[in-house]
Amino acid sequence: LSEGGSHLSERTSDSRVTFGEAHWFVWGVLLNSGVAEKTPRSFSARTLSIVWCGFCMIMVASYTANLAAFLVLDQPEQGLTGVTDPRLRNPSANFSFGTVLDTNTYQYFKRHIELSTMHRNMETHNVRVAADAIQALINETLDAFIWDSTRLEFEAARNCELRIRGALFGRSAYGIGLQKNSPWTPHITNAILRLSESTYLPLTLKRYECFTGEIQG
């Protein structure tokens with residue numbers, strides 16, 4: 001190896017590559033910052049430079065590939081956006097969801113043709129009572145449970161491991177059944193109207209959820 005990385009016949013004080021400039025060249029090639037001056041000119045120095053450039057290219061490519069794979073695999077899974085989520089419309093084999101058999105929610109999926117694929121995939125994961133589905137969610141044997149929002153909010157307030165995802169769908173009002181011409185009809189109707197116009201029901205529900213959450217914690 002020639003001293004200074006240049007030909008012996010060309011060795012001058014201006015053309016010699018110093019130790020610091022050699023380090024600048026090595027790190028410049030590694031970091032792809034560009035080296036315009038004082039590059040090796042002898043055959044041996046250029047050969048070592050080519051070997052070093054090949055090593056840098058392989059190392060940077062391997063690091064970039066590993067970093068990209070890590071970011072892709074470590075990306076947290078996003079929550080469901082609702083019944084239109086692709087993971088529900090076209091579920092994979094390892095994603096399970098269901099509801100309670102012979103209920104209004106079950107009939108909702110059964111009678112809507114556009115949800116027939118979801119209904120077929122739910123058949124093997126449906127339960128008889130909601131408590132079984134809640135326990136399956138906690139045990140991670142069920143990925144999603146579709147049910148009444150009131151019950152889901154209650155369970156989510158009791159257990160911090162449960163989350164409610166997506167917007168409400170298929171909204172329907174609850175009703176109180178009475179006999180025809182019952183004397184209780186106007187009294188119950190007026191009571192429901194008064195509660196709806198006031199903030200009693202929302203505040204009561206909020207206090208109840210907070211209370212159950214404190215007990216669970």
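## Overall layout

Helices here are DSSP runs of H or I with at least four residues, and strands are runs of E with at least two, numbered from the N terminus. Counted that way, the protein chain of this predicted model has nine helices and two strands. Reading from the N terminus, the order of elements is α-α-α-β-α-α-α-β-α-α-α.

How much of the chain is buried? Of its 217 residues, 24% fall in that class. As for contacts between residues at least 6 apart in sequence, 56% of them join residues at least 24 apart.

## The largest pocket

Let's turn to the empty space. The largest pocket holds about 1600 Å³. Its lining is made of 48 residues, and the ones closest to the centre are Phe 145, Ile 146, Leu 152, Ile 164 and Arg 165. Several elements chip in with two or more residues: helix 3 (86–89), helix 4 (104–111), helix 6 (130–138), strand 2 (144–145) and helix 7.

Which element gives the most to this lining? That's helix 7, with six residues. In chemical terms, the lining of the largest pocket splits into 24 nonpolar, 12 polar and 12 charged residues.

## Helix 7 up close

Helix 7 spans residues 149–158, and its buried residues are Leu 152, Phe 154 and Glu 155. These three sit on the same side of helix 7, because the arc they cover around the axis is only 160°. Leu 152 turns up again among the residues closest to the centre of the largest pocket.

Glu 155 also has a charged partner: Arg 158 forms a salt bridge with Glu 155, and their closest N and O atoms are 4.0 Å apart. The two are three residues apart in helix 7, so about one helical turn separates them. In general, an α-helix has 3.6 residues a turn, so residues three or four places apart point the same way.

Are the two partners buried or exposed? Glu 155 is buried, since its relative accessible area is 8%, while Arg 158 comes out as partly exposed at 34%. Arg 151 belongs to this story too: salt bridges with shared partners link Arg 151, Glu 155 and Arg 158 into one network.

## Other salt bridges

The count of salt bridges comes to four. One of them pairs Arg 87 with Asp 85, with the closest N and O atoms 3.4 Å apart. Asp 85 is buried, at 4% relative accessibility, and Arg 87 is partly exposed, at 24%.

Then there's Arg 128 with Asp 102, where the closest N and O atoms are 3.6 Å apart. Arg 128 lies in the loop between helix 5 (116–122) and helix 6, and Asp 102 in the loop between strand 1 (97–98) and helix 4, so this pair ties together parts that are 26 residues apart in sequence. Arg 128 and Asp 102 are both exposed.

## Thr 105 and its neighbours

Thr 105 has its place in helix 4. Its relative accessibility is 10%, and the cut-off for buried is under 20%, so Thr 105 counts as buried.

What does Thr 105 contact, leaving aside its neighbours within four places in sequence? The partners are Thr 99, Ile 146, Trp 147 and Asp 148. Ile 146 has come up before, as one of the residues closest to the centre of the largest pocket.

Terms used. Residues are numbered from 1 along each chain as its sequence is written. This is a predicted model: local features need pLDDT of at least 70, side-chain atom pairs count only at pLDDT 80 or more; totals for chains, interfaces and linings use all residues. Side-chain values use heavy atoms; hydrogens and water are left out. Buried means under 20% relative accessible area, exposed over 50%, partly exposed in between (1.4 Å probe, protein chains only). The arc is that of the directions from the helix axis to the C-beta atoms. On a 1 Å grid over the protein atoms alone, a cavity is a set of points where a 1.4 Å probe fits but cannot get out, and a pocket is an open set with protein on both sides within 12 Å along at least five of seven lines; lining residues have an atom within 4 Å of a point. Grid points are joined across faces, edges and corners, and a volume is the space filled by probe spheres set on the points. Ala, Val, Leu, Ile, Met, Phe, Trp, Tyr, Cys and Pro count as nonpolar, Asp, Glu, Lys and Arg as charged, and the others, Gly among them, as polar. A salt bridge is a side-chain nitrogen of Lys or Arg within 4 Å of a carboxyl oxygen of Asp or Glu. Contact means heavy atoms within 4.5 Å.
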